[in-house]
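Let us walk through this structure step by step, beginning with the way some of its strands pair and ending in its interior.

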Amino acid sequence: TLLETLVALSILTSAVVGPLMLAFYSIRSASLSQNQLTAFYLAQEALEYVKNQRDNNVLQNVNWLEIISRCENPRGCTVDIPYSDIQTCPQSTGCLKLRYSSDTGFYHQNTSFGIESPFMRIVKLVAISVYEEKASVTISWSERFGTKSFTLEENIFNWP
């Protein structure tokens, strides 16, 4: 009967552990998918803001890289869309994480309100030619299951 009890316990344990592991991996995948989707939207938002700033510069007859040229340094810059602000990342601390405001539902760089999110967004511009720049947006974030990041790139051009 001792052997039968051990066999019954092993069968019962495997019957319980299987669904628990499935639930664990499902929760992990859902969390990762949610963060990846948010990160993609944050990267796309910054890239669209840089292109919009370039368009506004051209329409106002100023240098097409006015203001966004702050992103040409190796440290990159932060783009604060709700406040229409582009700042070079400080050398001492690096770029700060984005903050999330539950009142507005926006991510921003303003440190005076909102809660710190897990996302860090760095925008960089690299000169290709006099009329072309490569814009890249790198989003990185930490979660319980490790650190993730990806980069979105697009070439922007000066209109003649």
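Strand β3, residues 99-101, runs antiparallel to β5 and pairs with it over two bridges, where strands are DSSP runs of E with at least two residues, helices are runs of H or I with at least four, and both are numbered from the N terminus; two strands count as paired if DSSP finds at least two bridges between them. Within this pairing, Y100 has I115 of β5 as its bridge partner. The model is predicted, so local features need pLDDT of at least 70 and side-chain atom pairs count only at pLDDT 80 or more, while totals for chains, interfaces and linings use all residues. Residues are numbered from 1 along each chain as its sequence is written, and side-chain values use heavy atoms, with hydrogens and water left out.

The two strands belong to an open, antiparallel sheet of three strands in the order β4-β3-β5. Because β4 (106-108) and β5 (115-116) stand at the edges with a single partner strand each, one side of each is left without a neighbour in the sheet.

Another pairing joins β6 (residues 119-129) to β7 (residues 132-143), antiparallel over ten bridges, and these strands form a hairpin with two residues between them. In this pairing, V126 stands opposite K134 of β7.

What is the size of the largest nonpolar core, and which residues have the most contacts inside it? This core, a set of buried (under 20% relative accessible area, 1.4 Å probe, protein chains only) Ala, Val, Leu, Ile, Met, Phe, Trp, Tyr and Cys residues joined through side-chain atoms within 4.5 Å, has 27 residues, and F119, V123 and I139 have the most contacts inside it. Its largest share, eight residues, comes from α1.

Methods:
Buried means under 20% relative accessible area, exposed over 50%, partly exposed in between (1.4 Å probe, protein chains only).
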